[in-house]
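I opened this entry to look up how two of the chains meet, and then where the nonpolar cores lie. The notes follow in the order of the look-ups.

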Amino acid sequence: MKKILIVDDSRVSRIMLKKCIGNSDKYEFCEAENGQVGLEKYRDFRPDVVFLDLTMPVMGGREFLKEIKKENVDAKIVVCTADVQRKALDEVFSLGAFTVVKKPPAKGCVLDALSKLDQINK
Amino acid sequence: MDKTEKAIITEEEKEILLEIMNISFGKAAADLAEFIDIYIELSIPYIHVLEPRALSGYLKKEIKDNLDCSIVEQKYWGKFKGDALLVFSAISSRELLSLLDTEKDWGYCSDPIDVLEKESLMEVGNILIGACVGKIAEMLNDIVTYTPPKVIIETQPLDSFFNFQVEEDSSIILLRTAFKFKSTDISGFLFLITSNESVEWLKSALSEFMERS
Amino acid sequence: MDFSQIPYQINIGLVIVDRDLKVIFWNNWMAMHSGIKDEEIIGHNLLEFYSNLDNVRFLKNFRSVISFGNLSFFSQKLHKYLFPFNTTTSFDTGFEYMQQNCTMGPMRDKDNGEINSVYLTVQDVTDLASYEKKLVEANMLDGLTGVFNRKYLNSVIEKEFERHVRYSRALCFLMLDIDFFKNINDNYGHQFGDFVLKELSARISSALRDVDSFGRYGGEEFCCVLPETDIKFAVAVAERLRQVVVDEKFINGSSSIDVTISIGVSASCDKVSTPEMLIRSADEALYKAKETGRNKVVMMDEE
């Protein structure tokens with residue numbers, strides 16, 4: 001069973017993402033509504049992958065990325081954002097994001113990201 | 001939360017609408033940068049539900065904190081319909097014109113600066129409103145059309161600004177976000193005042209959106 | 001009924017281009033005013049024929065319509081025209097080209113709703129713009145001399161003062177008056193007096209920068225707003241104006257006289273903090289110039 005942490009302030013967004021991933025037998029989910037809570041959950045839950053929103057109150061996605069990479073360089077982070085400007089993408093990749101999924105999430109893209117992760121872990 | 005708010009839109013619908021706004025504004029910002037070379041930051045949006053009577057007061061209060069402002073108004077009209085108000089605070093005309101790369105033309109124009117300022121404001125406003133409203137409509141599977149923008153610049157007493165015609169026993173869904181043009185001092189707010197007529201449609205479009213995803 | 005003729009026949013320009021600005025449709029109105037037949041332009045890029053549209057502003061609006069499906073409005077006030085067509089009348093409209101209000105909007109694929117082309121309507125608003133221009137000018141200009149009138153000058157002072165406060169830019173003001181104008185009128189008649197006012201206005205206007213605003217404040221009194229100018233430079237400007245008046249005789253018919261002017265100069269500063277004070281300070285300096293001999297420039301007290 002794979003562990004997935006979803007860090008997003010929007011409940012709706014978390015629901016949509018879970019719908020895309022589907023198959024609840026294969027995955028175990030944990031959710032956080034901002035980066036701060038996300039960090040705590042990450043330490044407890046030790047997820048295989050994190051789906052991360054960028055704009056959140058308290059602690060945004062960029063800071064979360066920076067912090068988590070300090071603790072675990074190998075952390076696998078998939079950034080979810082609607083703002084796919086080149087500059088924004090370059091920034092999250094330089095912070096160590098594994099890949100980016102465009103919002104609203106499409107099933108194909110999300111599963112694609114997950115299977116890429118599988119390949120790396122093999 | 002007061003009673004009207006409960007009646008018109010549920011907490012869940014509000015959450016869906018917020019997420020749709022988030023995504024739409026993110027897409028709008030990305031497309032504005034990629035296709036139009038306009039670089040803009042849009043902050044986390046808010047939704048307010050108001051009684052019609054409270055609307056003018058609310059807007060006056062929001063805008064009064066930004067004296068020296070200019071407002072672009074444009075109506076959008078589809079299944080999703082309403083009134084878009086773009087409030088620019090403290091505009092520098094030169095900066096504004098630079099957004100549309102018209103600084104070069106500056107010297108050749110015989111018109112007074114404030115005419116150019118006003119028209120440029122409308123043009124930038126038209127694009128910005130079109131981007132934000134267009135993306136929301138797109139996500140709700142709707143197509144909207146627009147009236148030509150109108151602009152009001154400063155100095156007029158705010159009381160004469162607003163003359164919304166709304167039914168008394170209804171509520172208004174107001175969407176709000178703050179914007180800032182990157183590497184300029186130009187910033188302000190965008191308000192989308194959703195018309196009563198489209199509330200029923202909006203509710204069903206929201207649930208459809210969740211089912212689709 | 002056959003409605004398909006309407007796009008061809010309406011009294012408005014209608015152009016449709018694809019996503020690459022290639023012309024797909026060109027109606028009769030466009031053909032008539034451009035002299036280009038539809039078969040000549042269809043299939044070609046619009047910019048090949050109208051290179052003036054190859055500018056950032058037009059293309060930004062075009063891409064916005066393609067990306068967001070909004071309408072773009074090219075107002076006559078800002079753009080004057082998109083297509084350089086001749087005006088349709090031989091009367092002087094005050095414009096070289098037909099003034100146009102244009103609108104651009106999306107056209108979508110019937111099946112998938114995607115925007116695959118863009119329409120552009122062109123409306124001739126020359127008459128309206130010409131009428132507005134005349135009204136605006138009549139409201140701004142002094143009937144006799146053609147320079148700005150007092151009402152407009154006051155609005156310029158207000159506006160420039162606001163800019164001065166907002167961006168802390170220097171601002172100067174000149175008040176000038178023809179010396180012994182009453183004598184000119186009495187000795188040479190009012191018609192000659194009018195000639196002096198007109199000639200003086202012309203001489204001074206041509207000696208100023210484009211950004212300066214010069215106008216008739218009343219009677220034989222004129223004034224001048226000098227934005228982004230410090231007081232030293234303003235005094236030099238005033239001196240130049242005094243020169244262009246005194247240098248050459250005023251000649252009309254058989255009459256020929258020397259005319260001189262006195263000028264008061266003021267500048268916005270801590271002490272001069274309102275438009276009214278700016279005018280009053282220049283007026284006081286002008287009074288001093290008159291008192292101390294005329295035909296001279298006097299600066300306001302600066303302590």
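How many residues of chain C are in contact with chain B, and with how many residues there? I read this off a predicted model. I found 24 residues on the chain C side and 38 on the chain B side.

Next I looked up the area. The two chains bury about 2,500 Å² between them, and carbon and sulfur atoms account for 52% of it. On chain C, I noted C:Arg57, C:Lys60 and C:Phe68, which supply 29% of the area that this chain buries against chain B. No other three residues supply more.

I then turned to the polar side of the interface. I counted 1 salt bridge between chain C and chain B. C:Arg57 forms it with B:Glu123, and the closest N and O atoms are 2.6 Å apart. For polar contacts I have 8 residue pairs, both residues at pLDDT 80 or more.

Which elements of chain C give two or more residues to the side that touches chain B? I listed helix H5 (56–68), strand S3 (72–74), helix H6 (76–79) and helix H8 (150–167). H5(C) gives the most, with 8 residues. By class, I put down 6 nonpolar, 8 polar and 10 charged residues for this side of chain C.

Last, the cores. The largest nonpolar core has 56 residues, and B:Leu17, B:Leu32, B:Phe88, B:Ile136, B:Ile173 and B:Phe181 have the most contacts inside it. Helix H5 of chain B (residues 113–139) contributes the largest share of this core, 12 residues. I also noted another core apart from it, of 52 residues, including C:Cys172, C:Phe173, C:Phe250 and C:Ala282.

Definitions and conventions
Residues numbered from 1 in each chain as written. Chains lettered and ligands numbered in written order. Predicted model: local features only at pLDDT ≥ 70, side-chain atom pairs only at ≥ 80, totals over all residues. Heavy atoms only, no water. Contact = heavy atoms within 4.5 Å. Buried area = accessible area lost by both parts, 1.4 Å probe. Salt bridge = Lys/Arg side-chain N within 4 Å of Asp/Glu carboxyl O. Polar contact = N/O pair within 3.5 Å; in protein donor to acceptor, adjacent residues only side chain to side chain. Helix = DSSP H or I, 4+ residues; strand = E, 2+ residues; numbered from the N terminus. Nonpolar A, V, L, I, M, F, W, Y, C, P; charged D, E, K, R; others polar. Core = buried A, V, L, I, M, F, W, Y, C linked by side-chain atoms within 4.5 Å. Buried < 20%, exposed > 50% of the residue type's maximum accessible area, 1.4 Å probe, protein only.
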